[in-house]
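Visitor: I would like a close look at a single part of this model. Please take it step by step.

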Amino acid sequence: MTLILPAKAVAAIVAHAEATYPDECVGLLVGTLNGEQKTVLQVVTLENRWSGQVQLAPTDDPTSRRDRFYLDPRDYLRAERAARAAGYEIIGCYHSHPDADPIPSERDRIGAQAIGGSGFSFVIQAIRNGVAAELTSWLLVNEGVRFIAEDVQIAPVE
Ligand SMILES: [Zn+2]
């Protein structure tokens, strides 16, 4: 599949990622699905609601949001209702990787099981020293076993 991202949508993701740095940001991509082509029309910024209920390793700071996010299902449902009312759907989500490569982590893979379906885009915006770097998109395949890279086309602003 191909994800069409208008330049203004990229700018919205970048602005969000830079504003929350060094924490991860999270949000949803609203748009249309047309065969193999998804087009983003709106970027919905959400709050990273990770609140440290889970300590993942003894050395882990459970309250850190620098390498994890929590997309609250209530935020998702609210955004989905608004998208459908406008005739669109949620076609993906995004989050940032502060000072890390834009490659899904194992934690991302586990978290992604609860979000979206087979054509759902998982966009990752890398951000280094507070400045936006590469953007990638991923699809969860093989019933959630692994991610594959998805083509991204940045469309110029109309
Ligand atoms: Zn991640």
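What are the angles among the four donor atoms of the zinc ion, and how is the site classed?

Guide: The model is predicted. In it, the angles among the four donor atoms of the zinc ion run from 56 to 162 degrees. The site is irregular, because four donors count as tetrahedral only if all angles lie between 85 and 135 degrees, and as square planar only if opposite donors are over 155 degrees apart and all others between 65 and 115. The donors themselves are NE2 of His95, NE2 of His97 and two OD entries from Asp108, at 2.0 to 2.5 Å from the metal. Along the chain they follow the spacing H-x1-H-x10-D. Histidine 95 belongs to strand β4 (residues 89–98), while aspartate 108 belongs to helix α3 (residues 106–112); the pair, 13 residues apart, links distant parts of the chain. Histidine 95 has a relative accessible area of 4% and is therefore buried. Aspartate 108, at 10%, is buried as well.

Strand β4 also takes part in the largest nonpolar core: β2 (26–34), α2 (73–85), β4, β5 (121–128) and β6 (131–141) each give at least two residues to it. This core has 19 residues, and those touching the most other members are Leu28, Leu71, Tyr76, Ile90, Phe120 and Phe122. Beyond its neighbours within four places in sequence, tyrosine 76 contacts Leu28, Leu71, Ile90, Ile115, Gly116 and Phe120. Another core lies apart from this one; its 14 residues include Leu3, Ile13, Cys25 and Tyr94.

How values were computed. Residues are numbered from 1 along each chain as its sequence is written. This is a predicted model: local features need pLDDT of at least 70, side-chain atom pairs count only at pLDDT 80 or more; totals for chains, interfaces and linings use all residues. Side-chain values use heavy atoms; hydrogens and water are left out. Donors are N, O and S atoms within 2.8 Å of the metal (3.2 Å for Na, K and Ca); water is not among the atoms, so sites may look incomplete. Four donors count as tetrahedral if all angles lie between 85 and 135 degrees; four count as square planar and six as octahedral if opposite donors are over 155 degrees apart and all others between 65 and 115; anything else is irregular. Helices (H or I, at least four residues) and strands (E, at least two) are DSSP runs, numbered from the N terminus. Buried means under 20% relative accessible area, exposed over 50%, partly exposed in between (1.4 Å probe, protein chains only). A nonpolar core is a set of buried Ala, Val, Leu, Ile, Met, Phe, Trp, Tyr and Cys residues joined through side-chain atoms within 4.5 Å. Contact means heavy atoms within 4.5 Å.
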